[in-house]
Amino acid sequence: MAGRLGLLLHVAARHLLVRRRQTAVAVSGVAVGVGFFLAVSAMMIGSQRDFVKTLIDAAPHIVISDELRSPAPQPGLREFGKEAAVQLHGYKVRTEVRGIKDWQQILREVDAIPGAIGSPSLSGAVTLRLGGRDEALAVIGIDPGIESRVSTISEKLRSGRLIDLEKVQGGVIIGEDQAQRLGLGMGDIVAATPARGGTRTLRIVGLFKKGQQLGSNAGYMLLREAQSLLGRPFVINRIGVKLPDPYTAEAIAAALERRHAYKAESWQERSSDFLGLLLTRNIIMYSVVSAILLVASFGIYTAVSTSVADKRRDIAIMRSIGFSEGDLQLIFVLEGLALAVAGVVVGWLLGSALLEILGSIKITVQGTTMRVPLDRTTRQYLIAAAASLLAGVVAAWLPARKAARVDPVEILRGAA
Amino acid sequence: MSDPILIAAGLTRELPGDPPVLLVGGADLAIEPGKFTAIVGPSGCGKSSLLYLLGLIDRPTGGQLLLEGRDMTPLSGDERAAIRLEKFGFVFQFHFLLPEFSALENIMLPMRRLGRHTPAEIEARARELLSFMGLAEKAAKSPDRLSGGERQRVAIARALANDPLLVLGDEPTGNLDSANSARVVDLFRQLAHEQGRAVVCVTHDPEIAAVADIRVSMLDGRITEVLRQA
């Protein structure tokens, strides 16, 4: 059997080697398809990876807030249910206290997941006032030691350190541009008034860089101090969770929400619109690539079908010698496959060269030098190879079937 | 007279149509080993068609064909290909060598396809056949570098590669000059008389017809005469 395959491959190879130009054209068609697929997909996947990383790291992987997706039923309803045959009069709607009630329990559960960290925080609105200027500030009270492990806020600091919050009484970190609007600098003092009244003075111990996605008017304080400033001691209304594998966020968030009723938003949910956009991008990429491969397979089809047309006499000879229809079909399928294999190998080289060139390009955006994000995985090489080989076999199949069906009698009679 | 190895009984081949075109009609013929059989007749009398039927290249539309007592008509295409490979050798008017392969490689093809011998044995046998044809030094030559007579002898060597029971020739000398023609005729007689093969030749050539052991005449698709010649 191996001998038969070797023989048929030998015949196929001779056919291709004799028709060098045709062979070269078909091989380059596949090679260009494979090469550009590698370059384009590396860029697409590379930029997507960077983009998703930004999305994932912009905030904790899961944010549990004190909101409820559907409010808890009022005690009366809880007691009797909607269908109960009871009539209540003078019923007073109960006001629920805001804040996550069993947050210590949630934190314990989160910390029980290996590698996961939960950071509790309290946010609330205050007004900063300096020299007749008012600025709204969304105060977020955090534990600097924990928060720095959950989010990347410490990387976004222009000056100061997160840990300084613990050293300075009433320390606050605000955005650079907000500080500018108020005319504040490092170490300056500003008055802060929460909605319920009672002004305190805060001291600027750090500034965030401009243009970061924290919200331009967010300010970080120590959790304890934020609780006292906002008049809500021991209350927290947000838990940020960082997970060892960000892609488990959706499932874990759903589980937490089921158990505690508080809204637990995963990064996927938070950025579902962006992820939808990525999906579209991927669809576009794969359609373009399929089109390229389709064109490449036309090249193979043409090469194999001219080979079949040219070799009708040889086909008749081989049939008369005792080669079967299957042998003839296999010869021409092998021709298509060989063209595809050669194309894939050349395409891999071409793709690697293109990636080298792309990788050496430097782009400067706002003073930061970046490189084209590239993702080179063997997976892309394998996808390109598999798709090309499949296209090669399919493209060769039709003309090969025609070769198998050549009637030797017709040819022999015609030639004699 | 030895037992025939190939027997045609009422062998018929019609091309579909209205009315159908008769290529071969009711041919009864026995092909014997060790004999040189010539099929003669005017152009279009169906002698080549009969040869393709006898050689299992074409399928009859009627009648029976027995090879060593076994009916060939119900066999599938693959089975007939396997029998052609093992037991038949064909020589055509035009040499019909594969142009991408050297003389030696052309002779090796049927043996490689049959796969009964090691590559070394196959090559040795191919060289032996080339020497037998007086072409030992042309082994590596591509067919287009050989003369017409040389090509036809390579084609005969290829037909003999798998040591066939039957050698079938379709106007094997039709394209050769008289010297080469005589050489091929001698070869065919040698294959029959010295090697004991059944040799069947379709021919226009009166010289072949004259030296054949059995002469089969055809007209309009039918066998008109089977003549044993001394």
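Guide: A salt bridge here is a side-chain nitrogen of Lys or Arg within 4 Å of a carboxyl oxygen of Asp or Glu. Keep that cut-off at hand. The model is predicted.

Visitor: Why is the contact of A:Arg259 with A:Glu109 called a salt bridge?

Guide: Set the value against the cut-off. The closest N and O atoms of A:Arg259 and A:Glu109 are 2.5 Å apart. The limit is 4 Å, so the pair counts. Side chains of opposite charge can pair when their charged atoms come close.

Visitor: What makes this pair a tie between separate parts of chain A?

Guide: A:Arg259 sits in helix α9, and A:Glu109 sits in helix α4 (residues 103-112). These parts are 150 residues apart in sequence, so the salt bridge ties them together.

Visitor: Is each partner buried or exposed, and how do you know?

Guide: The cut-offs are under 20% for buried and over 50% for exposed. A:Arg259 has 52% relative accessibility, so A:Arg259 counts as exposed. A:Glu109 has 17%, so A:Glu109 is buried.

Visitor: What makes A:Glu325 and A:Arg319 a salt bridge?

Guide: Their N to O distance is 3.7 Å. That is within 4 Å, so the pair meets the rule. A:Arg319 has a relative accessible area of 8%, under 20%, and is therefore buried. A:Glu325 has 36%, in between the two cut-offs, so A:Glu325 is partly exposed.

Visitor: How do you know that B:Arg116 and B:Glu86 form a salt bridge?

Guide: The N to O distance is 3.2 Å. The limit is 4 Å, so B:Arg116 and B:Glu86 qualify. The pair links distant parts of the chain, 30 residues apart. B:Arg116 is in the loop between α3 (103-114) and α4 (119-132) of chain B, while B:Glu86 is in helix α2 (residues 77-87).

Visitor: Which class of accessibility does each of these two fall in, and why?

Guide: B:Arg116 has 52%, over 50%, so B:Arg116 is exposed. B:Glu86 has 29%, so B:Glu86 is partly exposed.

Visitor: How many salt bridges are there over all chains, and which residues are linked in a network?

Guide: The search of the whole structure finds 23 salt bridges. A:Arg4, A:Asp327 and B:Arg113 are linked in a network of them.

Visitor: What makes β1(B) and β2(B) a strand pair?

Guide: Pairing needs at least two bridges. β1(B) and β2(B) are joined by 7 bridges, so they pair. They run antiparallel. One of the contacts is B:Ile7 with its bridge partner B:Ala30 in β2(B). The two strands form a hairpin, with 5 residues between them.

Visitor: What is notable about the peptide bond from B:Asp18 to B:Pro19?

Guide: It is a cis bond, with omega about 0°. B:Pro19 lies in the loop between β1 (6-15) and β2 (21-31) of chain B.

Visitor: What is the sign of phi at A:Ala261 and at B:Glu68?

Guide: Positive, and neither residue is glycine. Phi of A:Ala261 is near 70°. Phi of B:Glu68 is near 50°. A:Ala261 is in the loop between α9 (249-260) and β10 (262-266) of chain A. B:Glu68 is in the loop between β4 (62-67) and β5 (70-71) of chain B.

Visitor: Why are both called partly exposed?

Guide: A:Ala261 has a relative accessible area of 43%. B:Glu68 has 46%. Both values lie between 20% and 50%, so both residues are partly exposed.

Visitor: Which residues make the nonpolar surface patch, and what makes A:Ile357 fit?

Guide: A:Ile357, A:Ile361, A:Ile363, A:Val365 and A:Met370 make a patch of about 410 Å². Members need over 30% relative accessible area, and A:Ile357 has 52%, so A:Ile357 passes that test. A:Ile357 is in helix α13 (residues 325-360) of chain A.

Visitor: How do you know that chain A departs from the compact globule value?

Guide: A compact globule of 416 residues would have a radius of gyration near 22 Å, but chain A has 34 Å. Its C-alpha atoms fill a box of roughly 110 × 70 × 35 Å. The centres of domain 1 (2-56 + 274-415) and domain 2 (62-242) are separated by 57 Å. Chain A has 15 helices and 12 strands, and 44% of its residues count as buried.

Terms used:
Residues are numbered from 1 along each chain as its sequence is written. Chains are lettered from A and ligands numbered from 1 in the order in which they are written. This is a predicted model: local features need pLDDT of at least 70, side-chain atom pairs count only at pLDDT 80 or more; totals for chains, interfaces and linings use all residues. Side-chain values use heavy atoms; hydrogens and water are left out. Domain bounds come from an automatic or database domain assignment. Helices (H or I, at least four residues) and strands (E, at least two) are DSSP runs, numbered from the N terminus. Buried means under 20% relative accessible area, exposed over 50%, partly exposed in between (1.4 Å probe, protein chains only). Patches are made of residues with over 30% relative accessible area and no salt bridge: like charges are joined within 9 Å, nonpolar side chains (Val, Leu, Ile, Met, Phe, Trp, Tyr) within 5 Å. Accessible areas come from the Shrake-Rupley method with a 1.4 Å probe; for residues, only the protein chains shown count as cover. The radius of gyration is taken over C-alpha atoms; the globule rule is 2.2 Å times the number of residues to the power 0.38.
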